[in-house]
Amino acid sequence: ATIRRTEPTAGSGDSARRFGTQRVLVEPDAASGVAVMKFKNPPVNSLSLELLTEFIISLEKLENDKTFRGVILTSDCPRVFSAGLDLTEMCGKNPAHYAEYWKAVQELWLRLYLSNLVLIAAINGACPAGGCLISLTCDYRILADNPKYLIGLNETLLGIVAPFWFKDTLVNTIGHRASEQALQLGLLFLPAEALQVGLVDQVVPEDQVLSTALSVMARWMAIPDHARQLTKNMMRKTTVDRLVKQRDADIQNFVSFISRDSIQKSLQMYLEKLKQKKG
Ligand SMILES: CCCCC/C=C/CCCC/C=C/C(=O)SCCNC(=O)CCNC(=O)[C@H](O)C(C)(C)COP(=O)(O)OP(=O)(O)OC[C@H]1O[C@@H](n2cnc3c(N)ncnc32)[C@H](O)[C@@H]1OP(=O)(O)O
């Protein structure tokens with residue numbers, strides 16, 4: 001994927017020169033040190049290998065540019081933050097592809113979870129499974145108050161299982177008992193429920209998600225970076241190290257699990273159900 005610069009937005013000067021890739025738009029504001037990263041993989045921002053790769057490239061570019069201290073993650077697709085991992089990447093393919101795909105999923109989580117940037121999820125749409133995982137890697141989550149925008153790790157509803165590092169991320173956010181129930185039942189929470197269980201930090205009217213994210217960002221960026229980053233690292237490094245220590249085993253585990261006939265059948269049936277839903 002190549003990073004492309006696009007024309008500055010009207011009346012904004014150089015600090016808003018947008019850049020990004022085909023599936024990830026980046027709207028940087030050098031003056032404030034905040035960039036907005038928008039997933040743009042219609043129709044539902046499914047986390048394809050290309051989107052994962054482009055996301056990692058764009059995130060790395062922002063992390064390497066000391067101008068930026070905070071990133072807001074949001075969606076350019078209406079009604080959906082992200083539909084989660086791209087199911088077509090996990091069925092009907094070969095073990096080598098599954099391994100490559102899973103390595104990219106691990107990489108995205110590792111980069112986000114320990115990022116030195118302040119990361120705020122401006123959740124402006126449905127946020128199941130992998131989409132929910134991305135929001136959980138952030139420091140703060142704001143969800144639009146729309147009953148259609150459900151959020152949760154619903155993997156069991158597809159007949160699959162969220163791996164231990166998905167589980168750990170949820171436990172670190174909403175606690176063990178709430179996670180145990182949410183993961184086993186594949187719960188998708190309404191905004192008010194998500195707020196109540198602590199899955200999100202704020203629920204606001206849809207047209208206030210981004211502005212709220214910007215004001216929360218200002219509060220987090222008022223903290224000296226070094227102290228905040230060391231504290232974030234202290235809170236999260238044990239969780240990250242659990243995956244780092246067994247990345248290859250985790251990939252092999254994923255490949256053998258996803259290659260099972262029963263799992264392939266579940267995923268195919270689930271994809272068919274999604275397509276029938278429209279019919
Ligand atoms: C102990 C061992 C563990 C080992 C590890 C093994 C584990 C496996 C991995 C576990 C982690 C998995 C994480 C995931 O993220 S799995 C994906 C789960 N995602 C979902 O369940 C969401 C599915 N999608 C929806 O619910 C809806 O699409 C929506 C997001 C609510 C949006 O609804 P709507 O606006 O009505 O759009 P449509 O449903 O009509 O969808 C539009 C088209 O997009 C296709 N689609 C939707 N989601 C996905 C997806 N995740 N991947 C690929 N494609 C997707 C859908 O089929 C439609 O396609 P069409 O236009 O061709 O019909």
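Colleague: What makes you call H3 mostly covered?

Modeller: In this predicted model, nine of the nine residues of H3 are buried. Buried means under 20% relative accessible area, so each of those nine residues falls under that cut-off.

Colleague: Which residues of H3 are they?

Modeller: The buried residues are Ala129, Gly130, Gly131, Cys132, Leu133, Ile134, Ser135, Leu136 and Thr137. Gly130 is also among the residues that come nearest to the ligand, along with Ala83, Leu85, Tyr270 and Lys277.

Colleague: Why is the pair between Tyr270 and the ligand called a polar contact?

Modeller: A polar side-chain atom of Tyr270 lies 2.6 Å from an oxygen atom of the ligand. The cut-off for a pair of N or O atoms is within 3.5 Å, so this pair counts.

Colleague: And what do the backbones of Leu85 and Leu87 offer the ligand?

Modeller: A polar backbone atom of Leu85 is 2.8 Å from a ligand oxygen, and one of Leu87 is 2.9 Å from a ligand nitrogen. Both distances are within 3.5 Å, so these pairs are polar contacts too. As for cover, the ligand taken alone exposes 1200 Å², and the protein buries 81% of that.

Colleague: Which helices supply at least two residues of the shell around the ligand?

Modeller: Helices H3 (129-137), H9 (247-259) and H10 (261-278) each do. H10 gives the most, with five residues.

Colleague: How do you know what the shell is like by class?

Modeller: Tyr counts as nonpolar and Gly as polar in this scheme. On that basis the shell has 21 nonpolar, five polar and six charged residues.

How values were computed. Residues are numbered from 1 along each chain as its sequence is written. This is a predicted model: local features need pLDDT of at least 70, side-chain atom pairs count only at pLDDT 80 or more; totals for chains, interfaces and linings use all residues. Side-chain values use heavy atoms; hydrogens and water are left out. A residue is near a molecule or strand if one of its heavy atoms lies within 4 Å of it. A polar contact is a pair of N or O atoms within 3.5 Å; within protein, one must be able to donate a hydrogen and the other to accept it, and residues adjacent in sequence count only if both atoms are side-chain atoms. Accessible areas come from the Shrake-Rupley method with a 1.4 Å probe; for residues, only the protein chains shown count as cover. Helices (H or I, at least four residues) and strands (E, at least two) are DSSP runs, numbered from the N terminus. Buried means under 20% relative accessible area, exposed over 50%, partly exposed in between (1.4 Å probe, protein chains only).
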